[in-house]
Amino acid sequence: PVAAPVATPVAAPVPTVIDFDCYTNTTALLEDVTALNSTQIAEVNVFNLCPNTTFQIGVFTLDTDGSSSVMLDGTAPLVLRSNVQYVCGLNGDPADLCVLSGGEVQVLSGFSVFGEETTGALLKGITFQNANSDGAGAVLANEGDVSFEDCIFEVSFFWMKHDLKDEKML
């Protein structure tokens, strides 16, 4: 006799559960970083980017009357500020896949936004890819203390200015 086929149950995929506060939108993140007062920036502030998230960074342009800049086709870059840490996932593991993609500038110096030197800033475990500017994927134009830990740079290039000459870096 032939045995009847036996159905083997297949487990449904388990969704990823995020049990900590994290950001899926860098424009909302910039609003919260901008809202920090002087007492708060005296302490370390950790902002977690949600794992398995690609942040499509937009392009700055002037609004219709030319009075201010607006972001098109994406979200804001990460803006550096004193004692602000941008961490991928809970612990800054690059395997958590927090990816900043596209845009002219993916990281912007805090001086250009807040008018203050940036000290104690950290970007940890973030992947930067496809910055599409002849300018830079990161603009760090003023003195400060900024650390990139366990970050990955893919398919991007940047310009480094020193001794009055430009060098394109791949």
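This is a short talk on how one predicted chain is put together, from its sheet to a few of its side chains.

Let's start with the whole chain. The model is predicted, so keep that in mind throughout. The chain has 170 residues, and 35% of them count as buried. It holds two helices and 15 strands. Now look at contacts between residues at least 6 apart in sequence. Of these, 75% join residues at least 24 apart.

Next, the sheet. Four strands build an open sheet, and their order is 1-6-9-12. The pairing is parallel. A quick reminder: strands of a sheet pair through backbone hydrogen bonds, either parallel or antiparallel.

Which strands stand at the edges of this sheet? They are strand 1, residues 45-49, and strand 12, residues 144-149. Each has a single partner strand, so one side of each has no neighbour in the sheet. On average, neighbouring strands here are turned by 15° against each other, direction ignored.

Now strand 6. With strand 1, strand 6 pairs in the parallel sense over five bridges. One contact point to find on screen: Leu 49 has Cys 88 of strand 6 as its bridge partner. Strand 6, residues 84-88, also pairs with strand 9, residues 118-124. That pairing is parallel too, over three bridges. There, Tyr 86 stands opposite Leu 123 of strand 9.

How many residues of strand 6 are buried? Five of the five, so the strand is largely enclosed by the rest of the structure. Both of its faces are covered. On one side sit Val 84, Tyr 86 and Cys 88. On the other sit Gln 85 and Val 87.

Let's move to helix 1. Helix 1 spans residues 26-34 and lies across strand 1 and strand 6. Its direction is at about 175° to strand 1. The buried residues of helix 1 are Thr 26, Leu 29 and Val 33. Look down the helix axis. These buried residues fall within an arc of 50°, so they line one face of the helix.

What covers them? The cover includes strand 1 and strand 6, which we have met. It also includes strand 2 at 53-56, strand 5 at 78-79 and helix 2 at 110-114.

Now the aromatic rings. The structure holds five aromatic pairs. I'll show two. Take Tyr 23 and Phe 47. Their ring centres are 6.0 Å apart and their planes are at 55°, so the pair is tilted. This pair links distant parts of the chain. Tyr 23 is in the segment before helix 1, Phe 47 is in strand 1, and they are 24 residues apart.

The second pair is Phe 47 with Tyr 86. Here the ring centres are 6.4 Å apart and the planes are at 35°, so this pair is tilted as well. Phe 47 lies in strand 1 and Tyr 86 in strand 6, so the pair ties together parts that are 39 residues apart in sequence.

Put those together. Ring pairs link Tyr 23, Phe 47 and Tyr 86 into a cluster. Are these rings' residues buried or exposed? Buried means under 20% relative accessible area. Tyr 23 has 18%, so Tyr 23 is buried. Phe 47 has 9%, so Phe 47 is buried. Tyr 86 has 1%, so Tyr 86 is buried.

One more ring. Arg 81 lies over the face of Phe 114, at 4.2 Å from the ring centre.

Last stop: Glu 116. Where is Glu 116? It sits in the loop between helix 2 and strand 9. Its relative accessible area is 22%, so Glu 116 is partly exposed. Leave aside residues up to four places away in sequence. Glu 116 then touches Ile 41, Arg 81, Gly 110 and Phe 111. Arg 81 is the residue we just saw over Phe 114. Finally, compare sequence and space. Glu 116 and Gly 144 are 28 residues apart in sequence, and their C-alpha atoms are 9.4 Å apart.

Note on methods:
Residues numbered from 1 in each chain as written. Predicted model: local features only at pLDDT ≥ 70, side-chain atom pairs only at ≥ 80, totals over all residues. Heavy atoms only, no water. Pairing = 2+ DSSP bridges. Axes fitted to C-alpha atoms, helices over the stretch in contact; angles between N-to-C directions. Contact = heavy atoms within 4.5 Å. Phe/Tyr/Trp six-rings, centres within 6.5 Å; stacked < 30°, edge-to-face > 60°. Buried < 20%, exposed > 50% of the residue type's maximum accessible area, 1.4 Å probe, protein only. Lys NZ or Arg CZ within 6 Å of the ring centre and 35° of its normal. Arc of directions from axis to C-beta.
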